[in-house]
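Visitor: I have a model open and would like to talk it through with you. Could you put it up so that we can both look at it?

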Amino acid sequence: MRLFHVSEEPGIKIFEPRLPARKDLDQTTGLVWAITDKCLPNFLTPRNCARVAYYMGRETSEEDCEKFFSEKDSSHVVAIEYKDLPILLDTTLYIYEFDPVSFELQDEIAGYYVSKETVAPIGVHIVNDIIQEHRCRNVELRVMNSLWSFAERVRNSSLNWSLCRMNFATKDS
């Protein structure tokens, strides 16, 4: 298993555990977050870019595959808003890889793993062209005016999904 952390910050030498902002987690235990290779596309955008990401899981229906994937070769879909496209085109991402030894599963569908220990990356991959990175991973990138109604359809589907940074999404009028 390979684990990663995506950042816009270059040259990170050490990742210190941080207290989680999520209220459903223990607020007294610091964590280093990592993501599996399978779910890495969920984070191949600028940090504060609202996005709807999904992929097929064991429970995904054929009907949902036909409805939500427009390319047969796509393994994943990431939808962003038009307002974020110029930022995406101008952002460099750094994909730090971790040794998985100190990590434990936090959420299988989201691909989240966490470590309570300080972690040093074992490698870094620099992404200067985010669209090309999606293309190389067979990820369909969609650009929309607003994500909210689409997010609701995805949430009510049989897909494995993640809604990230939706507080930055354009409110439907």
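**Helix, salt bridges and pockets**

Guide: This is a predicted model, and a good place to begin is helix H4 (residues 148-155), whose buried residues are Phe150, Ala151 and Val154.

Visitor: And how do the buried residues of H4 fall when seen down its axis?

Guide: They fall within an arc of 100 degrees, so the buried residues of H4 line one face of the helix. As background, an α-helix has 3.6 residues a turn, so residues three or four places apart point the same way.

Visitor: What covers the buried residues of H4, then?

Guide: The cover includes strand S3 (51-55), helix H1 (62-68), strand S4 (76-81), strand S9 (139-144) and S10.

Visitor: Switching to charges, how many salt bridges are there?

Guide: The count comes to eight salt bridges. One of them joins Asp37 and Arg137, with the closest N and O atoms 3.2 Å apart. Asp37 lies in the loop between S2 and S3, and Arg137 in the loop between helix H3 (130-136) and S9, so this pair ties together parts that are 100 residues apart in sequence.

Visitor: Which other side chain meets Arg137 in a salt bridge?

Guide: That is Glu133, at 3.1 Å from N to O, and Asp37, Glu133 and Arg137 are thus linked in a network of salt bridges.

Visitor: Is Glu133 buried or exposed?

Guide: Glu133 is buried, with a relative accessible area of 13%, whereas Asp37 counts as partly exposed at 35% relative accessibility and Arg137 counts as partly exposed at 24%.

Visitor: Which residue forms a salt bridge with Asp24?

Guide: Asp24 pairs with Arg22, and their closest N and O atoms are 2.6 Å apart. Asp24 is exposed, with a relative accessible area of 57%, while Arg22 is partly exposed, with a relative accessible area of 34%.

Visitor: Back to the loop between H3 and S9: what is phi of Asn138?

Guide: Phi of Asn138 is near 60 degrees, a positive value in a residue other than glycine. Asn138 lies in that loop between H3 and S9 and counts as partly exposed, at 43% relative accessibility. Arg165 also has a positive phi, near 55 degrees, and is likewise a residue other than glycine; its place is in the segment after S10, and at 27% relative accessibility Arg165 counts as partly exposed.

Visitor: Now pockets. How much space lies in the largest pocket, roughly?

Guide: About 1,300 Å³ of space lies in the largest pocket. Its lining is made up of 36 residues, and those nearest its centre are His5, Trp33, Phe43, Arg47 and Arg165, the last being the residue whose phi is near 55 degrees.

Visitor: Which strands supply at least two residues of that lining?

Guide: Strand S1 (3-7), strand S2 (32-36) and strand S10 (160-164) each do so. By class, the lining of the largest pocket has 23 nonpolar, four polar and nine charged residues.

Visitor: And what volume does the second largest pocket have?

Guide: The second largest pocket has a volume of about 250 Å³. Its lining has 15 residues, of which Tyr55, Arg58, Glu108, Ile109 and Asn160 are the closest to its centre.

Visitor: How does the lining of the second largest pocket divide by class?

Guide: By class, there are five nonpolar, six polar and four charged residues in that lining.

Terms used: Residues numbered from 1 in each chain as written. Predicted model: local features only at pLDDT ≥ 70, side-chain atom pairs only at ≥ 80, totals over all residues. Heavy atoms only, no water. 1 Å grid on protein atoms, 1.4 Å probe; cavity = no way out; pocket = protein on both sides within 12 Å on 5 of 7 lines; lining within 4 Å. Points joined across faces, edges and corners; volume = space filled by probe spheres on them. Helix = DSSP H or I, 4+ residues; strand = E, 2+ residues; numbered from the N terminus. Nonpolar A, V, L, I, M, F, W, Y, C, P; charged D, E, K, R; others polar. Buried < 20%, exposed > 50% of the residue type's maximum accessible area, 1.4 Å probe, protein only. Arc of directions from axis to C-beta. Contact = heavy atoms within 4.5 Å. Salt bridge = Lys/Arg side-chain N within 4 Å of Asp/Glu carboxyl O.
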